[in-house]
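Ready to take a walk through a protein model? Keep the picture and the sequence side by side, and look up each residue as we get to it.

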Amino acid sequence: MQSGPKSRAMYKRAVQSIPLGVNSNFRYWGDDQTLIIKRGDGAYIWDMDDNRYIDYRNAWGPVILGHAYPSVIANVEKALKMGNVFAMTHELEIRVAEQIRELTGVDLVRLTNTGTEATMHAIRFARAYTGREKVLKFEGHYHGFQDYTLFNCQPPIPGVGYRRSPNMIPHSSGIPRVLSQLIDSIPFNDEAIVEKKIRESWHDLACIIIEPIMGNSPGILPKPGYLELIRKLCDEYGIVLIFDEIKTGFRVAKGGAQELFNVRADLVTYAKAMGNGFPIAAIGGRKEIMREIGYQKISHGGTYSGNVVATAAAEATLDEIASGALEKVEGHGKKLMAGIREIIKRKSVPALVQGPPAMFGIVFTEKSEINEYREWAGSNHHIYNAVLSKMMEKGVMPDKDSREPWFSSASHTDEHLGITLGVFEEALMEVIEKI
Ligand SMILES: Cc1ncc(COP(=O)(O)O)c(C=O)c1O
């Protein structure tokens, strides 16, 4: 989809000062396609040309309640008058830590600012606690822009190599080569491979970091028993299991994927939905590890960690989550999934609608299941991109990147869902007819 004249003009201004005109590479859609956004309200966002979109990107997940959500704005407005950082603990930090413990069942919590920081700190905690250095991750899993895990996030096929011994492909230049010696990555959802890897390499393994549901390859769920097997092997070999719940936390259930699958991790990272879009993140975990944080023990810090505005946003957001917001989010996702399944069946289009309702994905494929990144990579992205581009022209905006799930929010209504399904069907038909 081409951006409108005002977006294009402002984009030209943006590139004078900002590389690619965006503050995160993933936001760049092309010089004539990158939209400049004016504002958001509830389920909608508007671009500079006043085109209105029903938003399912929701900023890649954080906006769980809806844009400019009244109770969050009210709490933030109140907080703005208090001053923001003191380099000392404020009551709001205690309150948010208590809310996180109540909702998720983690023993202890440290607050930080972004998902990237949370995973970086969690990995340090695991390395310090175990005295080991290596990290095991999974292909297609993304843990933020820290260098330790920025390998095989979206690796090229076939460059990533043989399933049983994949090559480590950095996501960017500038990542020290030596870090590739501290990481291993294997395909997700393959019990034999994960068991072999752990039994062979546990001596060096500090932690296994995993997206329990793949939020960066559209909503791929763990096979029954897979997380349980990893949990069991981590217990057997003293490896710290880190659930990266930056996308799933406070979205797929109040207690996130831990609650959904009834599997407890040793450390859990949260961000996105906990602040409805304000920059706040958390590392939660077992007291045996978290109580080791301290002087001459494990380091953690940050000038802005637990700042007043972010914690005020989190307090209000977590209150909404505690009192029923996720039921709405899930209900909306369920209706969309059912509607899309009905359309693709009626139109005989080979596609899968998969994942948890609060962050589901669509994959155009003949396969009956997609269980890992390599299978997703082999699906028909051309159709997905074309359909999504047409949907955006018609005012409905899931992300164009088929790795990204559709994120429903509490502000979507049945009317939005009805419009979305109508637009999906129209866009699909226009694309299919041209093939
Ligand atoms: C699973 C996961 N972990 C970590 C991150 C990084 O979070 P942030 O962008 O807040 O640094 C993301 C971001 O999308 C993510 O999806």
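What follows is a short tour of the ligand site, the cysteines, a small sheet and a few backbone oddities. One thing to keep in mind throughout is that this is a predicted model.

**Around the ligand**

Let's start with the ligand and its neighbours. Which residues surround the ligand? Going along the chain, you meet Thr114, Gly115 and Thr116, then Tyr142, His143 and Gly144. Further on come Glu211, Asn216, Asp244, Ile246, Lys247 and Lys272. Sorted by class, this shell has six polar, four charged and two nonpolar residues.

Some of these neighbours make polar contacts with the ligand, and the table sets out three of them.

| Residue | Protein atom | Ligand atom | Distance |
|---|---|---|---|
| Tyr142 | polar backbone atom | nitrogen | 3.3 Å |
| Asp244 | polar side-chain atom | nitrogen | 2.7 Å |
| Lys272 | side-chain N or O atom | oxygen | 2.8 Å |

How much of the ligand does the protein bury? On its own, the ligand would expose 390 Å², and the protein buries 83% of that.

**Two cysteines, no bond**

Next, a quick look at sulfur. A disulfide is a covalent bond between the sulfur atoms of two cysteines. How many disulfides turn up in the whole structure? The search finds zero. Take Cys207: the nearest cysteine sulfur belongs to Cys234 and sits 9.0 Å away. Seen from the other side, the nearest cysteine sulfur to Cys234 is that of Cys207, again at 9.0 Å. To count as a disulfide, the two sulfur atoms would have to be within 2.5 Å.

Are these cysteines buried or exposed? Cys207 has a relative accessible area of 0%, so it is buried. Cys234 comes out at 1%, so it is buried as well.

**A small sheet**

Now scroll along to a sheet of three strands. It is an open sheet with the order E11-E12-E14, and the pairing is antiparallel. Strand E11 (352-354) and strand E14 (406-407) are the edge strands, each pairing on one side only. Strand E12 covers residues 359-363, and two bridges join it to E14. For one of the partners, find Phe360, whose bridge partner in E14 is Trp406.

Just before this sheet, you can spot Pro350 in the loop between helix H10 (325-346) and E11. With 36% relative accessibility, Pro350 counts as partly exposed. It's also worth finding Ser368: Pro350 and Ser368 are 18 residues apart in sequence, and their C-alpha atoms are 9.2 Å apart in space.

**Backbone oddities**

Finally, here are some spots to check in the loops. The loop between strand E5 (134-138) and strand E6 (183-186) holds Pro158. A cis peptide bond joins Ile157 to Pro158, with omega at about 10°.

Asn152 lies in the loop between E5 and E6 too. Although Asn152 is not a glycine, it has a positive phi of about 50°. Its relative accessible area is 0%, so Asn152 is buried.

Where does Asn189 lie? You'll find Asn189 in the loop between E6 and helix H5 (191-201). Asn189 is not a glycine, yet it has a positive phi of about 70°. Because its relative accessibility is 4%, Asn189 counts as buried.

Technical notes. Residues are numbered from 1 along each chain as its sequence is written. This is a predicted model: local features need pLDDT of at least 70, side-chain atom pairs count only at pLDDT 80 or more; totals for chains, interfaces and linings use all residues. Side-chain values use heavy atoms; hydrogens and water are left out. A residue is near a molecule or strand if one of its heavy atoms lies within 4 Å of it. A polar contact is a pair of N or O atoms within 3.5 Å; within protein, one must be able to donate a hydrogen and the other to accept it, and residues adjacent in sequence count only if both atoms are side-chain atoms. Accessible areas come from the Shrake-Rupley method with a 1.4 Å probe; for residues, only the protein chains shown count as cover. Ala, Val, Leu, Ile, Met, Phe, Trp, Tyr, Cys and Pro count as nonpolar, Asp, Glu, Lys and Arg as charged, and the others, Gly among them, as polar. Buried means under 20% relative accessible area, exposed over 50%, partly exposed in between (1.4 Å probe, protein chains only). Two strands pair if DSSP finds at least two bridges between them. Helices (H or I, at least four residues) and strands (E, at least two) are DSSP runs, numbered from the N terminus.
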